[in-house]
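Reader: Please choose one part of this model and go through it closely, setting it in its surroundings afterwards. I would like each term to come with the cut-offs behind it, since I intend to compare the description with the coordinates.

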Amino acid sequence: ETPAQARNFLDAMRGLFRWALEAQHVSIDPTAGVKNPKKRETEGFKAWTMDDVEAYIARWPLGTRQYVWLHVLLYVGSRRGDAVTHGKQHVRNGVLTFMTEKGREKRRIEVSRRIEPELAEAIAAGPCGDLAFICGDRGHPLTKESFGNLFKDACLAAGIIDKSAHGIRKLAATLWAERGATEHELMALFGWTTPQMAALYTRAANRKNLSLNAKDRLSGSSIS
């Protein structure tokens, strides 16, 4: 049904017929020369917008654990698996420092983020757990899987039907890039080890700034 499933099936058949040829069960390999189907080009998880953030906060205001969830994701910008581990034990002098889980980088990266006033306010209002800002209804810590399910429910209650926690990380990176963060600054903020991912955001921000700062060349023209 999908290119990924087709590639997996083809890989399995290739292995089978290589063995069958060696064992002399078949005389030809029907998979020889068959190309893998192309991957579908997608943008991955949909990025949140500020309208989404406002809709979420309207449903989950300051003083709810769902409000804390959003602010940890947005103002730290970490992956879901890291976000559920952040707690007061990771904060020194207003700076949150943590080791990322192994993602695409295949290794853990140390990331430091200042606790911005909006996040500090959310944490102070709570409710938070003893060792994790993100917690369940009884203050207990959550796994990334259980948090993902609960956050999805919170989004649906706010009328946000097609967005996930990772989409907030995309929004955070976009906001930093639009405020002038460089590729290396984004790498440090989000735990990326190569500039390719950061470049996606800086290029998009540069295009937006260029279009907004461009002079209106049609002003004063005779076009009506």
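Author: Along strand β2, residues 95-99, the side chains alternate: Leu96 and Phe98 point to one face and are buried, whereas Val95, Thr97 and Met99 point to the other face and are not buried. Here buried stands for under 20% relative accessible area and exposed for over 50%, with partly exposed in between, using a 1.4 Å probe and protein chains only. In general, side chains of a regular strand alternate between the two faces of the sheet. The model is a predicted one, in which local features need pLDDT of at least 70 and side-chain atom pairs count only at pLDDT 80 or more, although totals for chains, interfaces and linings use all residues. Residues are numbered from 1 along each chain as its sequence is written, and side-chain values use heavy atoms, with hydrogens and water left out.

The strand has partners on both sides, in an open sheet of three strands with the order β1-β2-β3 and antiparallel pairing. Its edge strands are β1 and β3, each of which pairs on one side only. Strands (E, at least two residues) and helices (H or I, at least four) are DSSP runs numbered from the N terminus, and two strands pair if DSSP finds at least two bridges between them. On one side, β1 (residues 91-92) is paired with β2 in the antiparallel sense over two bridges, and valine 91 stands opposite leucine 96. On the other side, β2 and β3 (residues 110-114) run antiparallel and are joined by five bridges, with phenylalanine 98 opposite valine 111. The two buried side chains of β2, those of Leu96 and Phe98, thus each belong to a residue with a named partner across the sheet.

The link from β1 to β2 deserves a separate look. These strands form a hairpin with two residues between them, and asparagine 93 in the turn has a positive phi of about 55°. Most residues other than glycine have a negative phi, and most peptide bonds are trans. Asparagine 93 is exposed, at a relative accessible area of 81%. A positive phi also occurs at glutamine 24, where the angle is near 60°; this residue lies in the loop between α1 (3-22) and α2 (50-59) and is exposed as well, its relative accessible area being 72%. A further backbone feature is the cis peptide bond that joins glycine 126 and proline 127, with omega about 0°, and proline 127 is found in the loop between α5 (117-125) and α6 (144-157).

To place the sheet in the chain, there are nine helices and three strands, which follow the pattern α-α-α-α-β-β-β-α-α-α-α-α along the sequence. Of the 224 residues, 37% count as buried.

Among the helices, α3 (residues 65-76) offers two packings to compare with the coordinates. Its axis and that of α7 (residues 165-178) come within 7 Å and cross at roughly 45°, where axes are lines fitted to C-alpha atoms, for helices over the stretch in contact, and angles run from 0 to 180 degrees between N-to-C directions. The two helices are therefore oblique to each other, given that angles under 35 degrees count as roughly parallel, over 145 as roughly antiparallel, 65 to 115 as roughly perpendicular and the rest as oblique. Leu70, Leu73 and Leu74 in α3 meet Ala165, Ile168, Leu171, Ala172 and Leu175 in α7, contact being heavy atoms within 4.5 Å. By class, this contact holds eight nonpolar, no polar and no charged residues; Ala, Val, Leu, Ile, Met, Phe, Trp, Tyr, Cys and Pro count as nonpolar, Asp, Glu, Lys and Arg as charged, and the others, Gly among them, as polar.

With α5, the axis of α3 comes within 9 Å at a crossing of roughly 155°, which makes the two helices roughly antiparallel. Tyr67, Val68, His71, Val72, Tyr75 and Val76 in α3 meet Glu118, Leu119, Glu121 and Ala122 in α5. That contact comprises seven nonpolar, one polar and two charged residues. Histidine 71 itself counts as buried at 5% relative accessibility, and, neighbours within four places in sequence aside, it is in contact with Ile57, Val76, Glu118, Leu119 and Ala122.
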